[in-house]
Amino acid sequence: MLANYGYKDGSGDYFITINTDLCNGCGECVAVCPANIFIVVDEDPNDPMRDGPVAIVAEEKKKKLKYECNPCKPTQNRPPLPCVEACKTGAISHSW
Amino acid sequence: MQIEMREEKKQEFWRWKESNWKNPDIEWRSGKFITLGIDVGSVSSQAVVMVDGQIFAYSNMRTGSDSPHSARKALDFVLEATDMPEDRVDYCVGTGYGRVNVPMADRTITEIACHARGANFIYGPEVRTVLDVGGQDIKAIQCDEKGRVTNFLMNDKCAAGTGRGMEVFADLLGIAIDEVGERSFQVKEEPPPVSSTCVVYAKSEALGLLRKGWSREKVLAAYCRAMAERIYSLVERLGVKPQLAVTGGLAKNSGVIERLMFMIGLKPMNSKWDAQIAGAIGAALFGYALCQKGKGRKK
């Protein structure tokens with residue numbers, strides 16, 4: 001399942017996408033995210049039939065990604081995002 | 001000095017009717033698993049009782065300021081339609097915006113999973129895209145033939161383009177909420193949409209249009225169109241895979257749904273079930289699946 005977290009406004013689409021079919025719940029993203037937006041939960045709240053842990057964007061951060069993810073949106077010299085780089089299974093992607 | 005106050009009888013145009021229903025063909029006594037789904041939304045609450053995965057009874061009510069109380073009321077209202085005691089329920093799943101405040105729930109599941117599952121039940125396995133237009137947010141969901149979510153997206157919490165916004169407009173224009181769809185088509189030609197999506201601004205824009213001499217129907221048509229466009233901009237990102245099903249309270253508003261479907265180029269789907277109870281149906285179905293898996297707690 002592709003879980004899209006983020007928003008869309010006049011300047012574009014800003015979404016962090018977690019592919020829960022690839023996520024193994026290792027928690028690497030939790031450790032590297034400077035804004036601590038990720039958490040690992042034992043059960044996917046959006047897919048109750050799935051077994052095993054999965055990373056999600058924390059409930060209290062969901063509506064704040066505009067601000068939380070902002071430091072990782074440079075206008076030039078764009079290195080890979082820490083979360084994308086840390087994810088060994090390639091489950092995390094972003095739309096900007 | 002004595003000031004005379006005039007008694008004013010205010011009609012509440014936004015107020016939609018609460019209802020409950022029972023399936024007379026199902027006997028709960030012979031059921032193996034009886035599951036309950038309670039969907040406490042921002043504007044409405046629903047409770048669905050399922051006997052072995054079939055809808056036995058449901059209720060649909062307005063959510064008050066107190067979520068636990070609303071969940072209780074919805075449950076009492078559905079039980080009122082049946083002669084079943086509450087303790088016969090094997091498993092109860094809470095969902096919706098107020099799901100953490102459903103005291104009788106054995107577990108909670110997000111409304112995203114529940115609406116996909118519910119739409120699959122209501123409209124059949126050919127549904128691939130589900131749009132849940134609720135009281136305060138819109139969720140665009142893609143699912144597979146089993147109703148499992150494959151991709152989802154949720155807008156920011158905002159009344160623009162949602163059910164609550166439509167209630168505000170019904171009240172402003174003095175048109176009963178269940179007539180909005182029909183009345184919005186009583187215009188000679190389709191007016192341009194109101195430019196603001198924010199309900200507060202759209203309301204003041206509508207007042208300006210009324211002052212300019214627009215009929216109430218024309219203003220309503222302009223607002224329905226603006227709402228359809230806002231919903232469309234959200235699904236656009238996810239992409240529409242046919243068939244598309246709309247769930248949530250706004251599914252009953254033909255004024256928005258027909259305009260939206262025209263933009264997308266698809267025909268609205270029909271069902272014998274009320275699309276507003278999709279979330280609660282999904283919750284009850286998950287309860288049933290969990291019972292079958294042995295994960296359900298048999299009381």
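Seven strands, taken from both chains of this predicted model, make up an open sheet of mixed pairing, running 5(A)-2(A)-1(A)-9(B)-8(B)-7(B)-10(B). Strands here are DSSP E runs of at least two residues and helices are H or I runs of at least four, numbered from the N terminus; two strands pair if DSSP finds at least two bridges between them. Strand 5 (92-94) of chain A and strand 10 (244-247) of chain B sit at the edges with a single partner strand each, so one side of each has no neighbour in the sheet. From one strand to the next, the twist averages 15 degrees, with axes fitted as lines to C-alpha atoms (for helices, over the stretch in contact) and angles running from 0 to 180 degrees between N-to-C directions.

Within the sheet, strand 7 (residues 129-133) and strand 8 (residues 138-143) of chain B run antiparallel and are joined by 5 bridges; Val133(B) stands opposite Ile138(B) of strand 8. Helix 6 (residues 216-238) of chain B packs on the sheet, touching strands 1 (2-9) and 2 (12-19) of chain A as well as strands 7, 8 and 9 (149-154) of chain B, and its direction makes about 35 degrees with that of strand 8 of chain B. Contact means heavy atoms within 4.5 Å.

Now for the interface. In chain A, 21 residues are in contact with 25 residues of chain B. About 1,900 Å² is buried between the two chains, 47% of it from carbon and sulfur atoms; buried area is the accessible area (1.4 Å probe) that two parts lose on being put together, summed over both. On the chain A side, Pro48(A), Met49(A) and Lys63(A) lose the most area to chain B, together 29% of what that side buries. The chains also share 4 salt bridges (a side-chain nitrogen of Lys or Arg within 4 Å of a carboxyl oxygen of Asp or Glu). One of them links Arg107(B) to Glu43(A), with the closest N and O atoms 3.0 Å apart.

Helix 2 (residues 111-123) of chain B has 13 residues and should span 18 Å at 1.5 Å a residue, which agrees with the 17 Å between its end C-alpha atoms; the expected span is 1.5 Å times one less than the number of residues. Since 11 of those 13 residues are buried, helix 2 of chain B is largely enclosed by the rest of the structure. Buried means under 20% relative accessible area (1.4 Å probe, protein chains only). After helix 2 of chain B comes Gly124(B), with a positive phi near 100 degrees.

Residues are numbered from 1 along each chain as its sequence is written, and chains are lettered from A in the order in which they are written. Local features need pLDDT of at least 70 and side-chain atom pairs 80 or more, while totals for chains, interfaces and linings use all residues; side-chain values use heavy atoms, without hydrogens or water.

Methods. Buried means under 20% relative accessible area, exposed over 50%, partly exposed in between (1.4 Å probe, protein chains only).
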